[in-house]
Amino acid sequence: MNNLSSFAQYAVQGIPLGCVFALLAVGLTLNYKTSGVFNLAFAAQAFASAAVFYVLRKEHRWNLLLAAFVAVVVFGVAMAWILDTLIYRHQRTASPLAKLVTSLGLLVALPQIVLLVISTKSKLNPPPLWPVKRADDFLWPSSGKYVLDASQIATLVATALVVIGLIVLFRRGSLGLQMRAVVESPRLLQLQGVDADRVSRWAWILSSVLASLAGVLIAPLFAQLNSLDFFTLLVAAIAACVIGNLTSIPLAFLGGLGLGILQAELAGFLPTNSVLSTGLRPSLPFVVLFMVLFMRRSLRTRTAPADPMGGVDPPPPAPAADTRPQWMAHGTHVFGGVVIAVGLGLCMWVLDDYWVGLVTAGVCLAIVLLSITLTTGVGGTISLCQASFAAVGAFATAKFASGGMSVIVAIVLAALVAALVGLLLGAAILHLPGIYAALATLAFALMFQAVLVPLDWVSGGSVPITVPRPLIGGIDFASDRSFLLLACACLAVMGLAVIAIRDGTTGRFLDAVRGSSTAARSIGINPDRQRLVVFVAGAAVAGFGGGLVASYAEAANYDQSFTFFFSLVWVVLVITAGARLVQAAIISGVTFFVFPALLDKLFSWPGNYLASNPSTTGALNSFLSFFNPTWAQGVAFILFGFGALTYAKHPEGIIEAQGAVVSARIARRFGGRRSPTAAPGEPPPDTRPPDVAASIDVVA
Amino acid sequence: MSVTDAATAPPPSSSPGSPLLLAAGMGKSYQGIAALTDVTVSVDAGELVALIGPNGAGKSTLFDCMSGVQTPDQGRVEFDGHDLHGMAPYRRARLGLARTFQRIELFPGLTVRDHLLVADRAQRHRGAMLRDLTLRSRPTAAEIERCDTVLDLLGLMPDAERPAEALSLGRGRVVELARALICQPRLLFLDEPSSGLDSDETDEMADVLETVQHDQDIAIVLCEHDVALVERLASRTYVLDTGRLIAEGPTAEVMASPRVRAAYLGA
């Protein structure tokens, strides 16, 4: 009886958190149902509104209702209008993958914009959306046995209203029906006389207002406003979305509620200091998400709905590299070689230690990013846990090296450990279709972070395990410059291996699988096995890169180098530059470190100028004082994030797209003939016969 | 090019006289609606059998169940003595079952020749990544010769280096056929190969099918709406209507059956 009473008490205590999960899950499900976008940026939108509410309410002391109205409705609608006008309306008919990449880009960029606009100083104790002075003033029931505070009551009421409202909208109203239709085929809806743009915009407004409401409601859960906390909570809520198959709002609601209650029960019944309590409880939603994805058989055969009007899209342009004349292909290789040689020369003899250090870190990271080239570019799997594989490599390297093993041998063995982890994970998830596999990798990354990373024997706990620099055959790579040469050699080997796989039989099989999985099976290709093979190879490459990163940093430092958020930024960077290109991984790796440093120099320059010229006054002084060096990291991430928006237009990546344009110009200028590569906007020549009937000369 | 490659094909385990393919008692329903009910089909080695019926009769469902794309609710499929129950489509393909698709399924971005090279390699290369990493993945002379043989046979040589998305529907169907043939199948499922083709293209397709059936001794199951094509090619015909088999036998006799004419030919 006592246990039963405790069970009920814990259940009631779990309801508010359950409502938070439910609200986010319902919002995300609505977003997916009405836009076809699995909008990971939902968390960023929620964070943005919470930040606006914080500033209005806490810093400017606005009236609660007015602040709430502006943050939730005005800001929510404005954000939807801006995002729809600038981005989403141009992606109505884009692939689900393109939409996912866009949402990842916004997830990276939006919080940084918010922080730039409202200042980056800490936002402590976010205010509740409830008219009481202290959050715990409101107890229910009055006995005080079951305690719900003001924010929790607000969340509960809001969630109930939202769910009822949405069910009514989708069951009764024609707008709900139109919103679902616009996801299937905006072009067909237009042909039916419905303004698909207007319907879609309303869908985004509804989702955005819901994200804003969720943001304002859940902000008091945290001691401080931090966009990553919002995202972590969102991923937890995704478990509830998946329970609802991403489409059922009532099931998403119940799933969220159940998740909150389960977590409270675990908190209540598990011994406080046990491994289960410290490990399982915080990672429970991710474990649930992973298990639901792993065990739900219906997900395995689920495919994204194909637009019946999809055939009106022109074929994608042929890759620039395939259509370049021979002389230009050789020229490109020579040019690339010269750039690398000049860059290395600068690092060896011209640049100072600071820049050499950044380039070396970038080259080490480029090896990790090559794993994205393999997994995503070649394998077609969006993996959001490559940083976790790199961390496995780093931790394993640290362990092996601390046992007295040669560092370079330790790194190779660590790559094998990462490959083994990749094999176990890949075997469990790679049968899932696109978005679900991506979510499973994200769940793994968060489980890894919540459960394994805090363990002393894995990461060394609060003090990262040290890793020495390599000593190979009497050559000491202790200095940054010598380490840079070693990293470049490793990068060259890994890059060539990736090219061999991409252009070899494995790459061809996977090209076939991407083109038509059904047809690939019909000729004897096992798509799951092929994807698994490159996924494991990708994990090994990431593990190798992670080991090298740790050796360079002389410690396997998870927080500094491998948190799950890095996975998201890296995927965005590589996919934007060109998922299939080795040079894209290299450029992305170096850019990740060098670009923010360049921006830092740029934004520091005005301050330095003023310091050395104190007599500067007037407009010039005001203008120069405006710049702040702390912007550098934020602006870099904003540009990285916005770069992803180009993916919908150039899925081949900006390097490939720009390469095609430059090739066409060079061919016109020097080749004396038109390049076979099409200019942007034109159909590629020689990809459609001039006369379809005339081409049917088949069969002797 | 021989039909069965002794080095790669599994040894036939069926007894002499038993059919190459037997699909017995096949049943499949979708949310209570029966798409197939107790359908039994058999095909002998080297035989060309047609499967006809009005739209929605269950022809493609039967094809999908036999090739493993869908799992039947009832019934069993045996191929050359192998029980195919629960066997993935790619493993059925490796046994010698090839197919084409009603809604054309090519690999965008790959040239016509690449389609054939990929299909050819899928038959014999396991451990592809190891070969890639040891730089042994370039097409061999033997592979190129096998591809060229099929390209020549189907008149695809002029299009060999063109990407799949640049082809017309008719050429695309021929590429699908070529891709299936290079797998050296013993049984070929053709799902409405004349769909979307004009009469000249259909005649050319029929010529090719006759050639490969006779020269390479491949058994073919032809799912088709074009009655003239069926009458020209098929020795036996099965007729499906609303998921049930309503007639089977020599093509001429089946076509003359009043029940078939009523259900399918509208006469």
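Visitor: In this predicted model, which residues of α3(B) are buried?

Guide: The model is a prediction. In α3(B), the buried residues include Val112(B), Arg113(B), Asp114(B) and His115(B). They also include Leu116(B), Leu117(B), Val118(B) and Ala119(B). The list closes with Asp120(B), Arg121(B), Ala122(B) and Gln123(B).

Visitor: How many of the residues of α3(B) are buried, and is the helix mostly covered or mostly open?

Guide: A residue counts as buried when 20 or more other C-beta atoms lie within 10 Å of its own. By that criterion α3(B) is mostly covered, the number of buried residues being 12 of 13.

Visitor: What covers the buried residues of α3(B)?

Guide: Part of the cover comes from the other chain, for α20 (505-515) of chain A is included in it. Within chain B, the cover includes α2, α5 (141-153) and α6.

Visitor: How many residues of chain B are in contact with chain A, and which element gives the largest share?

Guide: The contact involves 34 residues of chain A and 45 residues of chain B. Elements of chain B that give two or more residues to this side are α2 (89-95), β6 (97-99), α3 (112-124), α4 (128-133), α6 (169-181) and α7 (199-216). The largest share is 6 residues, and the element that gives it is α3(B).

Visitor: How do the residues on that side of chain B divide by class?

Guide: The side of chain B that touches chain A holds residues of three classes. The division is 24 nonpolar, 8 polar and 13 charged.

Visitor: Why does the radius of gyration of chain B agree with that of a compact globule?

Guide: Chain B has 267 residues, and a compact globule with that number would have a radius of gyration near 18 Å. Its C-alpha atoms fill a box of roughly 60 × 40 × 40 Å along the principal axes, and 50% of its residues count as buried. The radius of gyration agrees with the expected value because that of chain B is 19 Å.

Visitor: What is the strand order of the open sheet of 4 strands in chain B, and which strands stand at its edges?

Guide: The secondary structure of chain B comes to 10 helices and 10 strands. In the sheet of 4 strands, the pairing is antiparallel and the order is β2-β1-β4-β5. Two of these strands have a single partner each, so one side of each is left without a neighbour in the sheet; these edge strands are β2 (33-43) and β5 (82-83) of chain B.

Visitor: Over how many bridges do β1 and β2 of chain B pair, and which residue stands opposite Leu22(B)?

Guide: Strand β1 (residues 21-30) of chain B pairs with β2(B) in the antiparallel sense, over 7 bridges. In β2(B), the residue opposite Leu22(B) is Ser42(B).

Visitor: Which helix packs on this sheet, and what angle does its direction make with that of β1(B)?

Guide: The helix is α1 (residues 59-67) of chain B, which touches β1, β2 and β4 (74-79) of chain B. The angle between its direction and that of β1(B) is about 120 degrees.

Visitor: What is the order of the open sheet of 6 strands in chain B, and which strands are at its edges?

Guide: The pairing in this sheet is mixed, and the order is β6-β7-β8-β3-β9-β10 (chain B). Two strands pair on one side only, and these edge strands are β6 and β10 (244-250) of chain B.

Visitor: In which sense do β3 and β8 of chain B pair, and what is the bridge partner of Val49(B)?

Guide: Strand β3 (residues 48-52) and strand β8 (residues 219-223) of chain B pair in the parallel sense, over 4 bridges. The bridge partner of Val49(B) in β8(B) is Val221(B).

Visitor: Is Asp38(B) buried, exposed or partly exposed, and where is it found?

Guide: Asp38(B) is found in strand β2 of chain B. Its phi is near 50 degrees, a positive value in a residue other than glycine. Because it has 14 C-beta neighbours inside 10 Å, Asp38(B) counts as partly exposed.

Visitor: What is the place of Glu192(B), and why does it count as buried?

Guide: Glu192(B), although not a glycine, has a positive phi of about 50 degrees. The place of Glu192(B) is in the loop between β7 (187-191) and α7 of chain B. It counts as buried because its number of C-beta neighbours inside 10 Å is 20.

How values were computed: Residues numbered from 1 in each chain as written. Chains lettered and ligands numbered in written order. Predicted model: local features only at pLDDT ≥ 70, side-chain atom pairs only at ≥ 80, totals over all residues. Contact = placed C-beta atoms within 7 Å. Nonpolar A, V, L, I, M, F, W, Y, C, P; charged D, E, K, R; others polar. Rg over C-alpha atoms; globule rule 2.2 N^0.38 Å. Pairing = 2+ DSSP bridges. Axes fitted to C-alpha atoms, helices over the stretch in contact; angles between N-to-C directions.
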